[in-house]
Amino acid sequence: MRFPAFFDALRRQTPLGLVAVALVGLAAGGAMVFAGREQTAAAIWFVATVPVLLALFYEIFTSLRRGDVGLDVVAALSMSAALAFGEPLAGNVVALMYSGGQLLERFAEGRARREMTALLGRVGRTAMRYGAAGLEEVPIEMLVPGDRLLIRHGEVLPVDGTTLSELALLDQSALTGESLPVEKRLGDELLSGSTSVGPAFDLRTERPAAESTYAGIVRLVEAAQRSRAPIVRLADRYAMGFLALTVAMAGAAWALSGDHLRALAVLVVATPCPLILAVPVAIISGMSRAARIGVLVKNGGALEALSRVRVAVLDKTGTLTHGKAELSDMRMAEGHEADEVLRLAASLDQASAHVVAAALVEAAQRRGLALSEPTQVLETPGTAIEGMVEGRPVVVGGAAFVHRHSGSEAQPALLAGLPDHVVTVAVAIDGSFAGYLVLADPVRTDAAHVIERLRDAGVERVVLASGDREETALHVGRELGVDRILANLTPEQKIDAVIAERGMGKIMMVGDGVNDAPALAVADVGVAMGARGAAASSEAASVVLLVDALDRLASAVVIARRTRAIALQSVYIGLGLSLAGMVAAALGYLPPVQGALFQEAIDIAVILNALRALAPGREERLARAAA
């Protein structure tokens, strides 16, 4: 075997294997001491230390080639000094403590990532697709938009889609953290990764498997594993200073006391430092916690930036509102019943692809109204539609068109008291004006509470940036109490709006449409409403809300702030305890072996503290209780 290959083989050894070597050596040496064979014990401890030291040397070498210098150097120095000074027991203990720390770190990170990756193993590799010859089992990679699938009880949705059945009962806990099953009705959007816990239902594929939610999680988790948060790089800078301080203290202790074991003890106590363990674990834990509530943070840097946000720039449509028109009121002319007018209008609108038509059809279906098939349909795009329903002439559209084509007169009194931000649709039946159907894009019921939670979490300024009409934006902004309202914005102007706020601190931009993507990219933190939003906005954003629930945004900010606080807390406490131990070692109060055990206790403490980021914090628990 070539020498570099030998080192590479050592580097690839699992921490568990290195722990086993060090532990067996320590135990075997102890047995030799008990048998009165001290020299044999020393040789065993020496041999048991060497594999860990060689693997560590190679790790340091590869890190230096990348330009990284960390506190692994202190671990190598302490083990090397122990062997050189004839203290193989101390070297063996340090080897065990170091490899054990690495094993503990890997275990902690594995536990933290589990929430992010648990979904992946649950998604099947095949799906039941309706074909020309009936149902056929096909690989999910073959699914294309428009395919009709059968989702059976207990199966995980392999792709994002729309339900074609009257009812689908889903467990979305892997995506959203919501423990109760969720009912989905005909036409509702469904996310891959949800589990069917009710009767079988049909699903129409909306996106290929590679572009669906679970595939996005795969990419995000891989990116998260490769990323390093700025706070981790900050820890590296601390590490350089700590390394210099460690060497200086060890040299001073030896020089002033003339006892080389004091220098060794200082090196041992400083190995390995909480800086190289706690911060990565905390960051991954925070990302895992966010993923558990349906918020995917693409990398550690995004989580760290999210923790420092001071300004929130919010899009209106699809973010603060639901992004689709809904029937909000019905103003009927004398002699006409509201539900009957809606039923006939929606029946005619089944022949139109207009967004307003879809809203009326959905409203009628939700009310349980039986729709009829329209005939002799003539649509004037963007203006109105007319035709026959159950043998009766019906006209639906703009007021001027409807009054002109039905021969009826306008009744402006019916519109009294309506706000400026609504849309009115006139309806005429049998040549007579029947009434107005009023539609609006309602503000999310939780929007005001979310803004309040953002302010409580440290966001000092909230800006509404909308491409909608000024009167609509003013209505929404005033209702929610934002600090600044911007309307009629183009995508370029949204970028300018984000840049203009930079003097206030870190900026978070939240949006859902293609027109929001440039602003999301230029902000410190771009947040996409990924459950309903455009793919472009999700790609440009550094944070994606997988569920159509704005409250998760505030929770994500709280999680990010708590994660950063826990990471820094682990660093400061760990460094403080290490420094105290180093001083005690330099003064001769902490021998090398006891120093190694003391340092390992510190490592365990700071890693367990970092894992607290996996659990909900006090703010989350209070918010959940309030909900």
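This presentation describes one protein chain as a whole, then two helix pairs, and finally four individual residues.

Good morning, colleagues. Please keep in mind throughout that the structure before you is a predicted model.

Let me begin with the chain as a whole. The chain has 627 residues, of which 51% are buried. Its secondary structure comprises 23 helices and 22 strands. If we consider the contacts between residues with a separation of 6 or more, 67% of them join residues that lie 24 or more positions apart. As for the surface, about 27,200 Å² is exposed, and 57% of that area comes from carbon and sulfur atoms.

I turn now to the packing of helices. In general, a pair of packed helices is described by two quantities, the angle between the axes and the distance between them.

The first pair consists of helix 4, residues 72-84, and helix 9, residues 260-269. Their axes are 8 Å apart, and the packing angle is about 145°. The crossing of helix 4 past helix 9 is left-handed. Which residues of the two helices make the contact? Helix 4 contributes Val74, Leu77, Ser78, Ala81 and Ala82, while helix 9 contributes Leu264, Leu267 and Val268. Sorted by class, this contact of helix 4 with helix 9 contains 7 nonpolar residues, 1 polar residue and no charged residues.

The second pair is formed by helix 10, residues 278-292, and helix 22, residues 592-610. Here the axes come within 8 Å of each other and cross at roughly 15°. An angle under 35 degrees counts as roughly parallel, so helix 10 is roughly parallel to helix 22. The crossing of helix 10 past helix 22 is right-handed. On the side of helix 10, the contact is made by Ala278, Val281, Ala282 and Ser285; on the side of helix 22, by Val606, Ile607 and Ala610. The contact of helix 10 with helix 22 comprises 6 nonpolar residues and 1 polar residue, with no charged residues.

Next, I would draw your attention to two residues with notable backbone angles. Gln376 is not a glycine, yet its phi is positive, at about 50°. This residue belongs to strand 13, which covers residues 374-380. Is Gln376 buried or exposed? Gln376 counts as exposed because its relative accessibility is 67%, and the cut-off for that class is over 50%.

Glu390, likewise a residue other than glycine, has a positive phi near 55°. Its place is the loop between strand 14 (384-389) and strand 15 (392-397). With a relative accessibility of 45%, Glu390 counts as partly exposed.

Finally, I come to two residues and their surroundings. Ile429 is part of strand 16, residues 423-429. Its relative accessible area is 3%, and therefore Ile429 is buried. How far apart are Ile429 and Val341 in sequence and in space? They are 88 residues apart in sequence, and their C-alpha atoms are 8.0 Å apart. Setting aside neighbours within four places in sequence, Ile429 is in contact with Val341, Leu344, Arg392, Pro393 and Ala434.

Leu415 is located in the loop between helix 15 (399-406) and strand 16. At 29% relative accessibility, Leu415 is classed as partly exposed. The C-alpha atoms of Leu415 and Gly435 are separated by 9.8 Å, and the two residues are 20 residues apart along the chain. Not counting residues up to four places away in sequence, Leu415 touches Arg331, Thr424 and Tyr436.

Thank you for your attention.

Terms used. Residues are numbered from 1 along each chain as its sequence is written. This is a predicted model: local features need pLDDT of at least 70, side-chain atom pairs count only at pLDDT 80 or more; totals for chains, interfaces and linings use all residues. Side-chain values use heavy atoms; hydrogens and water are left out. Axes are lines fitted to C-alpha atoms, for helices over the stretch in contact, and angles run from 0 to 180 degrees between N-to-C directions. Helices (H or I, at least four residues) and strands (E, at least two) are DSSP runs, numbered from the N terminus. Angles under 35 degrees count as roughly parallel, over 145 as roughly antiparallel, 65 to 115 as roughly perpendicular and the rest as oblique. A crossing is left-handed if the near helix is turned anticlockwise from the far one by less than a right angle, and right-handed if clockwise. Contact means heavy atoms within 4.5 Å. Ala, Val, Leu, Ile, Met, Phe, Trp, Tyr, Cys and Pro count as nonpolar, Asp, Glu, Lys and Arg as charged, and the others, Gly among them, as polar. Buried means under 20% relative accessible area, exposed over 50%, partly exposed in between (1.4 Å probe, protein chains only). Accessible areas come from the Shrake-Rupley method with a 1.4 Å probe; for residues, only the protein chains shown count as cover.
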